[in-house]
Every structure is written in structure tokens, then in C-alpha cells.
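Good morning. I will take a few minutes to walk through one structure, and you can follow along on the screen.

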Amino acid sequence: MRRWITIPMALVLAGAGAVVVPAAASATTPTATVTTCPTGWGSLPKAANPATGQHPLTDIRTGQHPCWDRMVLDIPGTTPAGHVGYRVQYVPSLIQDGSGRTIPVNGGAILEIVVVAPSYDPSTGAPVYPAKAGQSLPGVNLTGYRTFKDAKFGGSFEGQSQVGLGVRARLPFRVFQLDNRLVVDVAHSWNATF
């Protein structure tokens with residue numbers, strides 16, 4: 001005979017960064033859930049110095065979560081221990097490294113992302129990531145995103161790549177590294193509950 005064990009949903013999802021709490025059920029409505037989003041990320045600049053040599057940026061992609069929008073910069077050969085250097089901060093406008101040219105970015109606020117990873121192969125100079133300076137990121141469609149409004153490539157200069165991320169407003173964000181990628185999450189609000 002099998003026995004079923006009931007585990008509270010909050011315990012199952014706690015490791016996923018969200019807590020699901022069952023709402024009170026009524027006779028006429030089904031049980032609903034409430035997602036409480038993490039807070040405390042803040043909106044001040046975040047940075048890390050590189051631990052290893054240069055690895056090229058190969059792709060930038062985005063995704064959506066109930067609590068935040070996510071940008072992932074693919075940089076093969078990096079790990080949390082052998083991390084890539086970065087600087088992520090809100091800026092009044094996106095000023096292209098090297099030229100000083102202003103690149104227009106739509107949104108209520110601009111998050112500048114600078115990563116120590118060129119868009120070309122450092123040993124040959126051959127392009128690896130096909131973005132063009134001042135243009136939208138290739139393959140990134142932000143239609144329907146709650147927080148992200150625009151994403152422009154600033155360019156690659158002296159071994160660093162620059163991205164301007166237009167967001168709805170100055171919202172809290174976090175930056176972390178996984179194997180082969182740098183992740184930037186921007187929250188939908190300062191203290192969201194759904």
C-alpha cells in the first residue's frame with residue numbers, strides 16, 4: 001500500500017526564489033496562490049573584477065519570471081569561481097565607450113551593463129556576437145515584458161562589451177554568475193506580491 005505525503009507548497013518552492021502561500025478558499029472560488037517576490041536587491045551599482053582572462057561574449061538573451069525580467073549574457077569558459085568582470089548601474093544616458101556618442105535607449109530608466117568580454121575573439125579579432133553598436137540586440141524581442149522596454153548594444157571597446165537596458169523605472173536589480181553566463185534580473189516593483 002502506498003502512502004502519499006503532503007508537503008506544503010511553500011517548502012517545495014522556497015529554493016526557487018519565490019514563496020507560494022495558499023490563499024483562503026471560499027465555497028464559490030477555487031484555491032488561489034500568492035507569490036511573494038524577493039526584496040532588498042537595491043538599485044545601487046554592482047560590480048566585480050575579473051578573476052580570469054578574457055572570454056568572448058557569444059549571445060545575449062532575455063526571459064520573464066513572475067517577479068522579474070531577466071537578461072543573460074553568454075560567456076563560455078567562465079564560472080562563478082573564475083568569473084567575468086562586470087559593472088551594472090543606472091545611468092542618465094547611454095554613452096558609448098570610446099566614442100562618447102549618446103545611444104538612445106527607450107524606457108523610464110537606463111541600466112548600463114559593461115562586461116569584460118569582447119564581442120570578438122580576442123586571439124583573432126573575428127566577430128563572435130553579431131550585434132552592431134547603437135542597434136537593438138539581435139534576436140531579443142521585449143514585446144510583452146513588464147519591466148524591460150528596450151535593449152541596445154553600446155559596442156565592444158578595449159576588451160569590454162556595453163549594453164544599454166531600458167527599463168520601465170529605476171527598479172531593484174541583482175547580478176550573479178553561473179557557469180558560462182552572467183545574469184541580470186530587474187524586479188517588476190520594489191515589493192511585489194501577486
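I will start with the chain as a whole, then go to ring pairs, a cavity and a few single residues.

First, a caution: this is a predicted model. Please keep that in mind for every value I read out.

Now the overall layout. The protein chain has one helix and 13 strands. Reading from the N terminus, the helix comes at the start and the strands follow it. The chain has 194 residues, and 40% of them count as buried. Next, the contacts. If we take contacts between residues at least 6 apart in sequence, 64% of those join residues at least 24 apart.

Let us move to the aromatic rings. How many aromatic pairs does the structure hold? There are four. I will show two of them.

One of these pairs is Tyr90 with Phe173, and its geometry is edge-to-face. The ring centres are 5.7 Å apart, with 75 degrees between the planes. Tyr90 sits in strand S6, residues 86-91, and Phe173 in strand S12, residues 173-178. The two residues are 83 apart along the chain, and the pair links distant parts of it. Are these two residues buried or exposed? Tyr90 has a relative accessibility of 12%, so it counts as buried. Phe173 is buried as well, at 0%.

The other pair I want to show is Tyr145 with Phe148. Why is this pair called stacked? The planes of the two rings are at 5 degrees, so the pair is stacked, and the ring centres are 5.9 Å apart. The cut-off for stacked is under 30 degrees between the planes. Tyr145 counts as buried at 10% relative accessibility, and Phe148 is buried at 1%.

Rings also have charged neighbours here. Go back to Phe173: Lys46 lies over the face of that ring, at 3.9 Å from the ring centre. Elsewhere, Arg174 lies over the face of Trp68, and there the distance to the ring centre is 4.5 Å.

Next, empty space. Rolling a probe the size of a water molecule over the atoms shows where empty space is left. How many cavities of 30 Å³ or more does a search of the whole structure find? It finds one. The space in the largest cavity is about 40 Å³. Its lining includes Pro50, Thr52, Gly53, Gln54 and His55. Thr78, His83, Val84 and Val116 line this cavity too. Sorted by class, the lining has three nonpolar residues, six polar ones and no charged ones.

Now some single residues.

Start with Ile113, which is in strand S9. Ile113 has a relative accessible area of 0%, so it is buried. Setting aside neighbours within four places in sequence, Ile113 is in contact with several residues, among them Met71, Leu73, Val88, Val163 and Val184. Lys46, the residue we met over the Phe173 ring, is 67 residues from Ile113 along the chain, and their C-alpha atoms are separated by 9.8 Å.

Second, Ser119. This residue lies in the loop between strand S9 and strand S10. Is Ser119 buried or exposed? Its relative accessibility is 10%, so Ser119 counts as buried. Not counting residues up to four places away in sequence, Ser119 touches Leu57, Pro127, Val128, Tyr129, Phe153, Ser156 and Ser161.

Third, Gln96, in the loop between strand S7 and strand S8. Gln96 is buried, with a relative accessible area of 12%. Outside its neighbours within four places in sequence, Gln96 is in contact with Arg101, Ile103, Ala133, Gly154 and Gln162. From Gln96 to Val163 is 67 residues in sequence, and in space 9.2 Å, C-alpha to C-alpha.

Last, Asn180, in the loop between S12 and strand S13. At 35% relative accessibility, Asn180 counts as partly exposed. Which residues is Asn180 in contact with, leaving aside its neighbours within four places in sequence? They are Leu73, Asp74, Ile75, Pro76, Gly77 and Thr78. Take Thr78 from that list: Asn180 and Thr78 are 102 residues apart along the chain, yet their C-alpha atoms are separated by 4.8 Å. Thr78 is also one of the residues that line the largest cavity.

That is the end of my tour. Thank you.

Methods:
Residues are numbered from 1 along each chain as its sequence is written. This is a predicted model: local features need pLDDT of at least 70, side-chain atom pairs count only at pLDDT 80 or more; totals for chains, interfaces and linings use all residues. Side-chain values use heavy atoms; hydrogens and water are left out. Rings of Phe, Tyr and Trp (its six-membered ring) pair if their centres lie within 6.5 Å; planes under 30 degrees apart count as stacked, over 60 as edge-to-face and the rest as tilted. Helices (H or I, at least four residues) and strands (E, at least two) are DSSP runs, numbered from the N terminus. Buried means under 20% relative accessible area, exposed over 50%, partly exposed in between (1.4 Å probe, protein chains only). A charge sits over a ring if NZ of Lys or CZ of Arg is within 6 Å of the ring centre and within 35 degrees of the ring normal. On a 1 Å grid over the protein atoms alone, a cavity is a set of points where a 1.4 Å probe fits but cannot get out, and a pocket is an open set with protein on both sides within 12 Å along at least five of seven lines; lining residues have an atom within 4 Å of a point. Grid points are joined across faces, edges and corners, and a volume is the space filled by probe spheres set on the points. Ala, Val, Leu, Ile, Met, Phe, Trp, Tyr, Cys and Pro count as nonpolar, Asp, Glu, Lys and Arg as charged, and the others, Gly among them, as polar. Contact means heavy atoms within 4.5 Å.
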